[in-house]
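Student: I have a structure to get to know, and I'd like to go through it with you. Can we take it a piece at a time?

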Amino acid sequence: MQYDLNYFKIILDLFFHFLFKILIIITVLAIESSCDETAASVCADGRILSNVIATQKIHEQFGGVVPELASRAHMKNIVPTVEKALINAGCSLSQIDAFAFTHAPGLIGALLVGAQFTKSLALAFDKPIIAVNHLQAHVLANLIDDPKPAFPFLCLTVSGGHTQIVVCNSTSDMRVIGKTIDDAAGEAFDKSAKLLGLPYPGGPLIDQYAKLGDPLSYKFPEPKIEGLDFSFSGVKTSILYFLQNAGRNTIYKEDFKATNEERLAFIEENLPDICASIQFRLVSILLNKLKKAAVETGIKNICLAGGVSANSSLRKEFMLLGEKEGWKTFIPAFEYCTDNAAMIAISGYYKFLDKDFAEMDITPVARAEW
Ligand code: KG4
Ligand code: ZN
């Protein structure tokens, strides 16, 4: 029986191999390992055939990602994740034309696992490697499903580590026109959640509680930052003082502290309203800058990207703003917003078309602009 199954698998493999070669399908296997998700995806001619993500639960107990533990978990997860991506795609390693990986930015140990694994596969199968910038990949996640935005488009990328407004002229020509000068949007969500005693990552929990609350209950200030840059540290400090005062005043005085019991009771009684009010302000900061960027550039194809674009209020308000401003709006499917390898695969596919391959001695970079 085992013999029959193996025989069947070989025939199936050969069938797909020749089918792919006859149709000249470009097949890319991509690996994403920049932070706490080990992910793999197969993309054939720009179509995502599989998208597998192994989320590392180990960090929850530490209230944030522990780099060393992330690297170890990637080592453990990478083989089964890639195997599953290949099985789900119905293809084998011999059918892959190029191996793509996240090159930057990210946790260096975590990136190294993905990079070295990719290089090993490429060496074994004598195929090229493709180095992908994680933030550019978030932007290009908008090209996975139809309808796709026409070039040029603007993209608001909002993730745990970055907040950017990007002008995307083509798959290889992207320019950052606005960025955060301190915390990222996801960080602002996560740090606010931490102040409320919620576990990491708190962004999705704030979203969840906010659905039951009134966004106009409490007022947090909108920072006045010139140009298209963002700042979230001021609003974070105002939330800290507000909670230390157990909501007793809204002028965020440091010297008017409530007792710890009062603070905890206030949070417990008003959690949905506090979350809704925090979310309201974070979303308004993001969308006001995006609107400014659209007016300044005259671009009307506008996209969202990154983990925070999974936020229900941001998605809703973005669509409403788009209707008001006459934009064509695009948001990647939920599974392509948070970290995933499908966005690395689609980026790898376009780089393959441009023959933009990396040398084998390339090494990952923790911090990277472009
Ligand atoms: O893009 P991503 O998955 O990873 C990075 O590249 O950083 O983004 C993760 C960030 C985290 O800060 C997480 O709290 C936030 O996205 N996030 C959300 C939601 N889902 C994920 N923030 C607010 N509301 C959500 N529904
Ligand atoms: Zn990301």
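**Talking through the model**

Tutor: Let's start with K355, which counts as exposed at 58% relative accessibility. Keep in mind throughout that this is a predicted model.

Student: Where is K355 found?

Tutor: K355 sits in the segment after α11, the helix that covers 342-353. Its backbone has a positive phi of about 55°, although K355 is not a glycine.

Student: OK, and what about A246, which has a positive phi too: what is the value?

Tutor: For A246 phi is about 50°, and A246 is not a glycine either. The residue belongs to the loop between α7 (233-244) and α8.

Student: Is A246 buried or exposed?

Tutor: A246 is buried, with 9% relative accessibility. K355, by contrast, is exposed at 58%.

Student: Any odd peptide bonds? Which residue is joined to P152 by a cis bond?

Tutor: That is F151, and omega for the bond is about -5°. P152 itself is placed in the loop between α4 and β6 (153-158). Another cis peptide bond runs from Y200 to P201, with omega near -10°. P201 is in the loop between α5 and α6.

Student: Now the ligand. Which residues come nearest to ligand 1?

Tutor: There are 19 residues around ligand 1, and G160, D190, D207, G307 and D339 come nearest. Three helices each give at least two residues to this shell: α4 (134-140), α5 (185-195) and α6 (203-210).

Student: How does the shell around ligand 1 divide into nonpolar, polar and charged residues?

Tutor: The split is 5 nonpolar, 11 polar and 3 charged.

Student: And the atoms of ligand 1: how far is one of its oxygen atoms from a polar backbone atom of G160?

Tutor: That distance is 2.7 Å. G186 also brings a backbone N or O atom to 3.3 Å from an oxygen atom of the ligand. On the side-chain side, D207 has an N or O atom 2.9 Å from a nitrogen atom of ligand 1.

Student: How much of the accessible area of ligand 1 does the protein cover?

Tutor: On its own, ligand 1 has 550 Å² of accessible area, and the protein covers 87% of that.

Student: Changing topic: how many salt bridges does the count come to?

Tutor: The count comes to 8. Side chains of opposite charge can pair when their charged atoms come close. One such pair is E187 and K191, with N to O at 3.4 Å.

Student: Why are E187 and K191 about one helical turn apart?

Tutor: Because the two are 4 residues apart in helix α5. E187 is partly exposed at 24% relative accessibility, and K191 is partly exposed at 30%. Both also belong to a network of salt bridges that links D183, E187, K191 and K236.

Student: What about K291, which residue does it form a salt bridge with?

Tutor: With E325, where the closest N and O atoms are 3.9 Å apart. K291 lies in helix α8 (residues 260-297) and E325 in helix α9 (residues 312-325), so the pair ties together parts that are 34 residues apart in sequence. K291 is partly exposed, with a relative accessible area of 30%, and E325 is partly exposed at 22%.

Student: Last topic, the inside. Where is T102?

Tutor: T102 is in strand β4 (residues 98-104). At 2% relative accessibility T102 is buried. The side chains of T102 and E32 make a polar contact of 2.6 Å. Beyond four places in sequence, T102 touches several residues, including L111, V132 and I344.

Student: And T163, is it buried or exposed?

Tutor: T163 is buried, with a relative accessible area of 1%. Strand β7 (residues 163-170) holds T163, and its side chain reaches the backbone nitrogen of A185 at 2.7 Å.

Student: One more: how far apart are V82 and S41 in space?

Tutor: They are 7.6 Å apart, C-alpha to C-alpha, with their positions 41 residues apart in sequence numbering. V82 is found in helix α2 (residues 67-89) and is buried, at 5% relative accessible area. Apart from neighbours within four places in sequence, V82 is in contact with L29, I31, A40 and F117.

Terms used
Residues are numbered from 1 along each chain as its sequence is written. Chains are lettered from A and ligands numbered from 1 in the order in which they are written. This is a predicted model: local features need pLDDT of at least 70, side-chain atom pairs count only at pLDDT 80 or more; totals for chains, interfaces and linings use all residues. Side-chain values use heavy atoms; hydrogens and water are left out. A residue is near a molecule or strand if one of its heavy atoms lies within 4 Å of it. A polar contact is a pair of N or O atoms within 3.5 Å; within protein, one must be able to donate a hydrogen and the other to accept it, and residues adjacent in sequence count only if both atoms are side-chain atoms. Accessible areas come from the Shrake-Rupley method with a 1.4 Å probe; for residues, only the protein chains shown count as cover. Ala, Val, Leu, Ile, Met, Phe, Trp, Tyr, Cys and Pro count as nonpolar, Asp, Glu, Lys and Arg as charged, and the others, Gly among them, as polar. A salt bridge is a side-chain nitrogen of Lys or Arg within 4 Å of a carboxyl oxygen of Asp or Glu. Buried means under 20% relative accessible area, exposed over 50%, partly exposed in between (1.4 Å probe, protein chains only). Contact means heavy atoms within 4.5 Å.
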